[in-house]
Amino acid sequence: MRVLRRALGTLLALGAAVSCTVAHGDDAKATARRPAALAPYERLLPAPASARAEGAPYVFGAGTVIRTGVGAPEEVRRVGELLAEQLRGPGGLPLPVVDGDEGDGVRLRLDTGDAELGAEGYRLRTTPAGITLTARTPAGLFHAGQTLRQLVPVRGAGGVPGGTVVDVPRFAYRGAMVDVARHHFPVEQVKRYVDQLAQYKINTLHLHLTDDQGWRIAIDSWPRLAEYGGASEVGGGPGGHWTKEEYRDLVAYAAERYVDVVPEIDMPGHVNAALASYPELTCDGKAPERYTGIKVGFSSLCVGKERTYEFIDQVLGELAELTPGRYLHIGGDEAHSTPAADYAAFMDRAQRVVAEHGKTVVAWHQLANARPAPGAVLQYWGHDRTAAAEKAAVAAAGKSGHPVILSPADHAYLDMKYDTATKPGLAWAGYVPVQRSYSWNPGSYLPGLPEYAVLGVEAPLWTETVANRSDWELLAFPRVLGLAELGWSPSAALDWPSYRDRLAAQAPRLEAQGIAYYRSPEIPWE
């Protein structure tokens, strides 16, 4: 046996270390050191910018109070109330939320002058007299609370180790996408995902709301989109759609957890559900049959019709009104049935519509080969086999002022199978085991794209083969946790051996939340 010492970069910049044990035997199998040996601050995920264990613990239990400070904004109290709900544990600790900051307990403090913490950063300090969470913004306090959740025992009561965490995110955009178009899912399932994501500091939920197989959001000016176009899905199921009230409720629920919603209406391709609902959007005026397969690239809006632009203006206008966030995603990928010149002309007009409704465009990276509007955000979904010229176009767009979200399919796509034995999922981009999903650096991933042009990362979950919650969670977990770390943690902290141990230590929390995660053989699960 031999012990290898590996620094966890800035996570342990103040002196702690993480180690892993490599066992050698007849089968030559390498096994990470059991994560039970990790100290509490070494277990945190995502890895914080810095963490230091010191001093005696605070006893967290039935007498603990959450204090929101004197004269704190109502939003801080809401953060405190949600944190109390999350921390009560199976024993149902009282955890009252009170005004004032004198006395022990968990103290929430806003310090708007602490420039070091930025818009989402925080400082967490634990002593025997209590736990103090400090941030410039309520969002930072929320993130501090999610770190505290990992330090409090799963059972609820117990000792929270003494120490200090100072933490800020690497990237502003840390996202996950779910495709509710291929298979319809109720809002309650998406809310569950929001909770699962937010505890690991993911701050953006991208909703793929429309595709060839279904239209999932009610639009008052075009009611048949949801009523008819929403009544289908892959495999011939009943489909379904969300009302505006359901969508508003989801957006508000996510906002309370500091998760912004980015809705996507895919165009000019991936539109068969819309064409089947309104034949006036086709060039020949004939409605196609509703589609329940999984092929792509065969549908297109009629670029030459003015009615098409009335359609996108009204649809995007209604969606913009429902969505307080800054972004509207207009798709733009796999428009194989739209000639290149028509595609560029269409995207010019679609981008203007988005701007007219006060939003910033997000589109898949194919927009780089057309004319991205000033400030338009590109989402890259290529992979190792993507042509060099295509990658170069995205890098050039990034250097010219277009922020890039990285979602490389052979690392970040959660619908790719882990291996040949995985039942749900696809494998067109290759198999993506847990180590592969984690082992890339967004700041240096795309040749020629400087880190300053990377807005962040996103983990998409396409649902051609996903029709239920258990398959959803099996594919998403644990890989989405690695993407959360890639988006939040400093580059120096990205280390597979230490991440593997820290991921293993999350098992009791995943199980306590009933998450149907994949027990990857790469991970020495607790």
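User: In this predicted model, how many of the residues of strand β13 are buried?
Analyst: Strand β13 covers residues 204-208 and is mostly covered. Thr-204, His-206 and His-208 point one way from β13, while Leu-205 and Leu-207 point the other way, and all are buried. The number of buried residues in β13 is 5 of 5.

User: Which strand is joined to β13 by 5 bridges and belongs with β13 to a β-α-β unit?
Analyst: The unit is right-handed and has helix α3, residues 187-198, as its helix. Gly-175 stands opposite Thr-204 in β13. The strand with residues 173-179 runs parallel to β13, and its name is β12.

User: Which residue in β16 stands opposite Thr-204?
Analyst: Strand β16 spans residues 260-267 and pairs with β13 in the parallel sense over 5 bridges. The residue in β16 opposite Thr-204 is Asp-260.

User: Which helix gives the most to the largest nonpolar core?
Analyst: The largest nonpolar core has 140 residues, and Leu-207 is one of the five that touch the most other members, with Tyr-193, Trp-215, Tyr-247 and Phe-311. The helix that gives the most to this core spans residues 306-322 and contributes 8 residues. That helix is α7.

User: Over which residues does pLDDT stay under 50?
Analyst: The protein chain averages a pLDDT of 93, and 93% of the residues score at least 70. Where pLDDT is low, the predicted coordinates should not be read in detail. The stretch under 50 has 71 contacts beyond four places in sequence in the model. The stretch is residues 1-33.

Definitions and conventions:
Residues are numbered from 1 along each chain as its sequence is written. This is a predicted model: local features need pLDDT of at least 70, side-chain atom pairs count only at pLDDT 80 or more; totals for chains, interfaces and linings use all residues. Side-chain values use heavy atoms; hydrogens and water are left out. pLDDT is the predictor's confidence in each residue, from 0 to 100. Contact means heavy atoms within 4.5 Å. A nonpolar core is a set of buried Ala, Val, Leu, Ile, Met, Phe, Trp, Tyr and Cys residues joined through side-chain atoms within 4.5 Å. Buried means under 20% relative accessible area, exposed over 50%, partly exposed in between (1.4 Å probe, protein chains only). Helices (H or I, at least four residues) and strands (E, at least two) are DSSP runs, numbered from the N terminus. Two strands pair if DSSP finds at least two bridges between them. A crossover is right-handed if, with the strands pointing away from the viewer, the path from the first strand over the helix to the second runs clockwise.
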